[in-house]
Amino acid sequence: MKRAFRKYHRFLAPIIFLPLFLTVLTGMVATVAGEWSFKFGLSRSVRGFMLGLHTGETFHLEAIYPMLNGLGLIGLLVTGISMTGLFKGKQIKQAPSDHPR
């Protein structure tokens, strides 16, 4: 089972990396651009463009982009956590027997 999850995780990770990275990066840049536009007189169009990328509006994917990001992240979390063995039941150690085999 662990091998199957590793296989799925290895397949999903490169595919999901770019959309998640784009979402995180554009969200951070949009926030910083919004804050700095008041202080340094930066154009608000930078923030608008970044928010368009962040939500998928630029690629006309605003209806499914968040869902794909969410499902991809959940898939990576499930396969990654399952590989750690955190939810595996405790194995009972048997006491060594006194009888030689």
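Hi everyone. Let me start with one residue: Asn69 is buried, with a relative accessible area of 9%. One thing to keep in mind throughout is that this is a predicted model.

So where does Asn69 sit? It is found in helix H3. Its side chain makes a polar contact, at 2.7 Å, with the side chain of Thr23. If we set aside residues up to four places away in sequence, Asn69 touches Pro19, Leu20 and Thr23.

Let's cross over to the partner. Thr23 has its place in helix H1, and Thr23 is buried as well, at a relative accessible area of 17%; the cut-off for buried is under 20%. The side chain of Thr23 also reaches the backbone oxygen of Pro19, at 2.8 Å. And which residues does Thr23 contact, once neighbours within four places in sequence are left aside? Those are His54, Tyr65 and Asn69.

Now let me zoom out for a moment. The protein chain has three helices and zero strands, and from the N terminus on, the elements run α-α-α. Of the 101 residues in the protein chain, 22% are buried. The accessible surface comes to about 8,500 Å², and carbon and sulfur atoms account for 69% of that. On contacts, take those between residues at least 6 apart in sequence: 59% of them join residues at least 24 apart.

Let's walk along the chain, beginning with helix H1, which covers residues 2-40. The structure holds one aromatic pair. Phe17 and Phe21 form that pair, and the rings are stacked, with 5.4 Å centre to centre and 15° between the planes. Why do these two sit about one helical turn apart? Because they are four residues apart in H1. As a reminder, an α-helix has 3.6 residues a turn, so residues three or four places apart point the same way. Phe21 counts as partly exposed, at 43% relative accessibility.

Ala13 lies in H1 too, and at 28% relative accessibility Ala13 counts as partly exposed. Have a look at Ala13 and Leu73 on your screens: they are 60 residues apart along the chain, yet their C-alpha atoms are separated by 9.1 Å.

Next up is helix H2, residues 44-55. H2 has twelve residues and reaches 17 Å from its first C-alpha to its last, close to the 16 Å expected at 1.5 Å a residue. Which residues of H2 are buried? Met50, Gly52 and Leu53 are. They cover an arc of only 155° around the axis, which puts them on the same side of H2. After H2 comes Gly56, whose phi is positive, near 85°.

That brings us back to H3, residues 65-84, where we met Asn69. H3 has 20 residues and reaches 29 Å from first C-alpha to last, close to the 28 Å expected at 1.5 Å a residue. The buried residues here are Tyr65, Asn69, Gly72, Gly75, Leu76, Thr79, Gly80 and Met83. They cover an arc of only 130° around the axis, and therefore lie on the same side of H3. So what about the other side of H3, buried or exposed? Over there, Met67, Leu71 and Ile74 are exposed.

Let me finish around the end of H3. Thr84 has its place in H3 and counts as exposed, at 52% relative accessibility. A polar atom of the Thr84 side chain lies 2.5 Å from the backbone oxygen of Ile81. Thr84 and Lys2 are 82 residues apart along the chain, and their C-alpha atoms are separated by 9.0 Å. Just after H3, Gly85 takes a positive phi of about 85°.

To wrap up, if you open the model later, a good pair to look up is Asn69 and Thr23, whose side chains make that polar contact. Then turn to H3 and find the side with the buried residues, including Tyr65 and Met83, and the other side, with Met67, Leu71 and Ile74 exposed. Thanks for listening!

Key
Residues are numbered from 1 along each chain as its sequence is written. This is a predicted model: local features need pLDDT of at least 70, side-chain atom pairs count only at pLDDT 80 or more; totals for chains, interfaces and linings use all residues. Side-chain values use heavy atoms; hydrogens and water are left out. The expected span of a helix is 1.5 Å times one less than its number of residues. Buried means under 20% relative accessible area, exposed over 50%, partly exposed in between (1.4 Å probe, protein chains only). The arc is that of the directions from the helix axis to the C-beta atoms. Rings of Phe, Tyr and Trp (its six-membered ring) pair if their centres lie within 6.5 Å; planes under 30 degrees apart count as stacked, over 60 as edge-to-face and the rest as tilted. Contact means heavy atoms within 4.5 Å. Accessible areas come from the Shrake-Rupley method with a 1.4 Å probe; for residues, only the protein chains shown count as cover. A polar contact is a pair of N or O atoms within 3.5 Å; within protein, one must be able to donate a hydrogen and the other to accept it, and residues adjacent in sequence count only if both atoms are side-chain atoms.
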